[in-house]
Amino acid sequence: MKKLRVLQNITKSPIVAVVRADTVEQAIRISEACMNGGISNIEMTFTVPHADEAITILTQSHPHLTVGAGTVLDSVTARIAILAGAQFIVSPAFDEEIVKICHLYQIPYMAGCETITEMVKAISHGVEIIKLFPGSAYGPNYVKAIKGPLPDINLMPTGGVSLDNIHEWFDNGSIAVGVGGNLIRPARDGNYQEITRLAAEYMEKVKMQIKA
């Protein structure tokens, strides 16, 4: 049930904020700024120093958020993230040992894939959502091309998703999108209010897409 609930949260509110930061404090502030703009799914990347600590703080202080771990490169890191409270695991590539750990703890695993061969392998191992990465290298039309031979695949492009093209990703069949730099860049200047504004704008775009 836990895995199903997490997947439903992501597909119901289909924006995942990809958080990269220099410190735990900055990562928390970015996440809360996204939350204040209406984004409820946070991917705390393990490029953040002590990312597991940030995950624990967020899950305890904001239980309504769906907080996952990103840039997870091995099963050891996956287990650390899960024990810290991560509700989903994201990696830039598919890893069989990571998927085993996620199955053991009943945690959704979003594996990064580029080619159909990689995607079929990931799906055959029980990966629920494929992270199309880097999305910027292919563009929204690639989603439509993949859905031709694989109509039932669940794709979440990450990288290259912007306010200008987010509707194209969904029009072509994505079930969710990961948004990083285009959303959190104002944190470099400490402008967290701008992150909140951008998050609200992204959410409004999604709401318009769902209504359409």
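Is Thr77 buried or exposed, and what is its relative accessible area?

1. The structure is a predicted model, and the residue raised above can be placed in it as follows. Thr77 belongs to helix H4, which spans residues 75-84. Its relative accessible area is 17%, and because buried means under 20%, Thr77 counts as buried. Once residues up to four places away in sequence are set aside, Thr77 touches Phe46 and Val72.

2. Strand S6, made of residues 129-132, is covered on both of its faces. Ile129 and Lys131 lie on one side, while Ile130 and Leu132 lie on the other, and all four of these residues are buried. This arrangement can be read against a general rule, namely that in a regular strand the side chains alternate between the two faces of the sheet.

3. On one hand, S6 pairs with strand S5 (residues 109-113) in the parallel sense, over four bridges, and within this pairing Ile129 of S6 is the bridge partner of Met110. The two strands also form, together with helix H6 (residues 116-124), a β-α-β unit that is right-handed.

4. On the other hand, S6 runs parallel to strand S7 (residues 155-157), to which three bridges join it, and here Lys131 stands opposite Met156 of S7. From S6 the chain passes through helix H7 (residues 141-147) to reach S7, in a β-α-β crossover that is again right-handed.

5. Helix H1 (residues 2-12) has Lys3, Val6, Leu7 and Ile10 buried. Viewed down the axis of H1, the buried residues fall within an arc of 95°, and therefore they line one face of the helix. The general background is that an α-helix has 3.6 residues a turn, so residues three or four places apart point the same way. The elements against which the buried residues of H1 pack include strand S1 (15-19), strand S2 (41-45), strand S3 (66-70) and helix H5 (96-105), and S5 and S6 are also among them.

6. As for the nonpolar cores, the largest comprises 65 residues, and those with the most contacts inside it are Ile15, Ile30, Met44, Ile89, Tyr109, Met119 and Leu183. For one of these, Ile30, the contacts beyond its neighbours within four places in sequence are with Val19, Arg20, Ala21, Ile184, Ala187, Tyr192 and Ile195. A second core, separate from the largest and consisting of 10 residues, includes Val16, Val90, Met110 and Ile129; the last two of these are the bridge partners named in the pairing of S5 with S6.

Conventions: Residues numbered from 1 in each chain as written. Predicted model: local features only at pLDDT ≥ 70, side-chain atom pairs only at ≥ 80, totals over all residues. Heavy atoms only, no water. Buried < 20%, exposed > 50% of the residue type's maximum accessible area, 1.4 Å probe, protein only. Pairing = 2+ DSSP bridges. Right-handed = clockwise from strand over helix to strand, strands pointing away. Contact = heavy atoms within 4.5 Å. Core = buried A, V, L, I, M, F, W, Y, C linked by side-chain atoms within 4.5 Å. Arc of directions from axis to C-beta.
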